[in-house]
Amino acid sequence: MFPNRHGQPYRKFRTELLRSLLTSKLTLDRFNLMNAKDLLGLIHPAIAIAFVFPLVGIVVNMAWQTRQRRLHPSQNKKIPPVVGREHLKYGRWLTGAVVGITLLALAYSIFIKTPFFENPPFQIGFVIAMFVLTIAALVLLYRTRPNQPLWRAVFATLTSTGLVVLGSQEGVFRRTNEWYVSHYYFGIVVSILMVVSLTIVPEIYKHKRWRVTHIILNTLAVLLFVGQAMTGARDLLEIPLSWQAPYLYQCDWQNQVCPEPQSSRPSETEATATFSPRTGSTPTLRSTPVL
Ligand code: HEM
Ligand code: HEM
């Protein structure tokens with residue numbers, strides 16, 4: 001029930017309301033600690049979480065139903081016959097979404113993280129042309145017909161090559177020395193797996209061998225999607241905000257310590273740096289209570 005206007009509960013309600021408004025003001029202030037560069041860095045993770053991962057869930061759910069319906073048609077009468085076509089429909093969306101966010105992440109790393117436009121004009125032109133060609137190859141792959149296997153293979157190869165060439169540009173953090181936990185390598189491989197799925201659709205319908213290949217490759221893709229969620233969250237933790245970065249660069253990464261602050265020390269906490277494997281780049285700051 002709404003609190004009585006003149007009684008004790010109403011005053012409590014008013015105080016609570018005021019407190020929540022103040023808290024939301026503080027939240028907005030915290031948001032202001034991010035500049036445009038930091039905010040742009042959130043676009044790719046936000047799209048992955050809000051759009052791509054739900055799509056993965058839909059596609060996997062329908063994949064399971066498609067298989068159940070095909071293997072045990074009599075026991076699975078509740079599964080609609082269109083489930084296979086729906087899986088394909090959302091699968092096509094998924095390919096575009098995964099390649100799309102990979103390109104977005106690469107564009108951020110190449111154009112925003114480095115002073116890209118200070119490069120020689122040829123290099124600038126080459127990288128921009130690679131983005132355009134990769135997107136064009138994907139669009140053309142979508143437009144190929146089932147009776148054009150050669151063109152499908154050509155456009156799939158061009159799309160995948162475009163992703164790899166863009167991924168090898170300066171600014172992209174590849175973590176090659178730890179490739180088995182690298183967000184970059186997982187991302188490129190899963191994107192190529194989605195491109196392969198789109199390419200072999202007519203073959204999946206025609207041959208059991210391709211159907212089995214599709215299942216094996218995409219089981220790996222599901223594991224890589226889980227890996228993307230984990231490594232992406234880790235990377236977000238490791239990257240400091242722009243205004244924090246210069247201080248973190250002064251830290252000794254090998255020994256996991258940062259220089260003592262010169263002026264006033266934060267009252268209750270002391271900053272220590274945890275060593276981060278992104279060598280030569282950004283360690284993470286951790287606040288530990290001063291004893
Ligand atoms: C996480 C991603 C995916 C997984 C785990 C997955 C898994 C599966 C599975 C288990 C089946 C049923 C196989 C059977 O009948 O035994 C299937 C069928 C199929 N998948 Fe996928 N798939 C994925 C993504 C895609 C994508 C991206 C496409 C295309 C763009 C695609 C196209 C197809 C087609 C055309 C079929 C046959 C449907 C039918 O029989 O009507 N899949 N998939
Ligand atoms: C299907 C899902 C995803 C794919 C395919 C993907 C792909 C990629 C790729 C290819 C890069 C470029 C590597 C680089 O420049 O460092 C990247 C960067 C990044 N991704 Fe993702 N990602 C996905 C999901 C996520 C999620 C869920 C998060 C966070 C919760 C995330 C956070 C990041 C961050 C922070 C970077 C920048 C890393 C850096 O600057 O070193 N990603 N992603």
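1. In what order do the elements of the chain run from the N terminus on? Helices lead and strands follow: the order is α-α-α-α-α-α-α-α-α-α-β-β. That makes 10 helices and two strands in the chain. Keep in mind as you look around that this is a predicted model.

2. Some overall numbers before the details. The chain has 291 residues, and 22% of them count as buried. Take the contacts with a separation of 6 or more: 62% of those in the chain are between residues 24 or more positions apart.

3. Next, have a look at the largest nonpolar core. It holds 34 residues, and Val98, Leu141, Val190, Met194, Val195 and Ala221 are the ones that touch the most other members. At least two residues each come from α3, α4, α5 (121–143), α6 (149–167), α7 and α9. The top contributor is α7, which gives nine residues to this core.

4. So what about α7 itself? This helix has 17 residues, and from its first C-alpha to its last it reaches 24 Å, close to the 24 Å expected at 1.5 Å a residue. Because 14 of its 17 residues are buried, α7 is largely enclosed by the rest of the structure.

5. Val195 is a good residue to click on, being one of the core members that touch the most others. If you skip its neighbours within four places in sequence, Val195 is in contact with Thr95, Val99, Ala156, Thr159 and Ser160.

6. On to the ligands, starting with ligand 2. It is surrounded by 27 residues, the closest being Ala105, Ser109, Phe173, Gly187 and Gly232. Two or more residues of this shell come from each of α3 (43–71), α4 (83–112), α7 (183–199) and α9 (208–238). Which element gives the most to the shell around ligand 2? That is α9, with seven residues. Sorted by class, the shell has 18 nonpolar residues, eight polar and one charged.

7. Ligand 1 has 25 residues around it, and those that come nearest are Ala63, Gly84, Gly91, Ser197 and Asn218. The elements that give two or more residues here are α3, α4, α7, α8 (201–206) and α9. By class, the shell around ligand 1 divides into 13 nonpolar, eight polar and four charged residues.

8. If you only have time for one element, I'd pick α7. This helix gives the most to the largest nonpolar core, and it is among the elements with two or more residues in the shell around ligand 2 and in the shell around ligand 1.

Notes
Residues numbered from 1 in each chain as written. Chains lettered and ligands numbered in written order. Predicted model: local features only at pLDDT ≥ 70, side-chain atom pairs only at ≥ 80, totals over all residues. Near = placed C-beta within 6 Å. Helix = DSSP H or I, 4+ residues; strand = E, 2+ residues; numbered from the N terminus. Nonpolar A, V, L, I, M, F, W, Y, C, P; charged D, E, K, R; others polar. Expected span 1.5 Å × (residues − 1). Buried ≥ 20, exposed ≤ 12 C-beta atoms within 10 Å, placed from the backbone. Core = buried A, V, L, I, M, F, W, Y, C linked by C-beta atoms within 7 Å. Contact = placed C-beta atoms within 7 Å.
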